[in-house]
Amino acid sequence: GVAILLVSHDLALIDEVCDRVVVMHAGACVESGRVEDVARPRHPYTRALNRSRIELAAPGGELVTIVGQPPSVGAWPRGCRFAARCDIAQRDCNEGDHPPLVTVAGDHRTACRYATRMVS
């Protein structure tokens, strides 16, 4: 009967402690679901976060980083806020409002218009 809200970029900690996760980028929810479902990401930002996990880095090696810079707070671009840094973005990703969350499977949701193109 207890809930804890944990805010962290440490996905290993999230995996260990949490049952559910909500991934946010630039003030918008981009993916949500059970930890084991989001471990198979359907949004490019979540995939990029997973690839940059420190425990995946070779000892003494370079860390994988997410290219580019997030948008300035309040100066949100049109469309998906991750589109400028995304490796699967299409022209329509820069149009309209930030995409809403849509169900991928069960209670796993993503805000990516091209979630079917995601390969973990």
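Is Asp 15 counted as buried, partly exposed or exposed, and at what relative accessibility? In this predicted model, Asp 15 has a relative accessibility of 35% and therefore counts as partly exposed.

The charged side chains were examined for pairing. Side chains of opposite charge can pair when their charged atoms come close. By the rule applied here, the structure contains 7 salt bridges. In one of these, Asp 15 is paired with Arg 53, and the closest N and O atoms are 2.9 Å apart. Asp 15 belongs to helix α1 (residues 11–17), while Arg 53 is found in the loop between α3 (44–51) and β3 (102–105); the pair therefore ties together parts that are 38 residues apart in sequence. Arg 53, in contrast to its partly exposed partner Asp 15, counts as buried, because its relative accessibility is 17% and the cut-off for burial is under 20%.

Arg 53 also takes part in a salt bridge with Glu 55, in which the closest N and O atoms are 2.5 Å apart. Glu 55 has a relative accessible area of 41% and is partly exposed. Arg 53 is thus a partner of Asp 15 and also of Glu 55.

Another salt bridge joins the side chains of Arg 40 and Asp 37, with an N to O distance of 3.2 Å. Asp 37 counts as buried, at 10% relative accessibility. This pair is part of a wider arrangement: Arg 34, Glu 36, Asp 37 and Arg 40 form one network, joined by salt bridges that share partners.

The cysteines were considered next. A disulfide is a covalent bond between the sulfur atoms of two cysteines. The count of disulfides in the model comes to 0. For Cys 93, the nearest cysteine sulfur is that of Cys 80, at 6.2 Å, and Cys 93 is in no disulfide. This separation does not meet the criterion, because the two sulfur atoms of a disulfide must lie within 2.5 Å. Cys 93 is buried, with a relative accessible area of 8%.

Cys 112 is likewise in no disulfide; its nearest cysteine sulfur belongs to Cys 86 and is 6.0 Å away. Cys 112 counts as buried, at 13% relative accessibility. Both Cys 93 and Cys 112 are therefore buried by the cut-off of under 20%, and neither Cys 93 nor Cys 112 is in a disulfide.

Terms used:
Residues numbered from 1 in each chain as written. Predicted model: local features only at pLDDT ≥ 70, side-chain atom pairs only at ≥ 80, totals over all residues. Heavy atoms only, no water. Salt bridge = Lys/Arg side-chain N within 4 Å of Asp/Glu carboxyl O. Helix = DSSP H or I, 4+ residues; strand = E, 2+ residues; numbered from the N terminus. Buried < 20%, exposed > 50% of the residue type's maximum accessible area, 1.4 Å probe, protein only.
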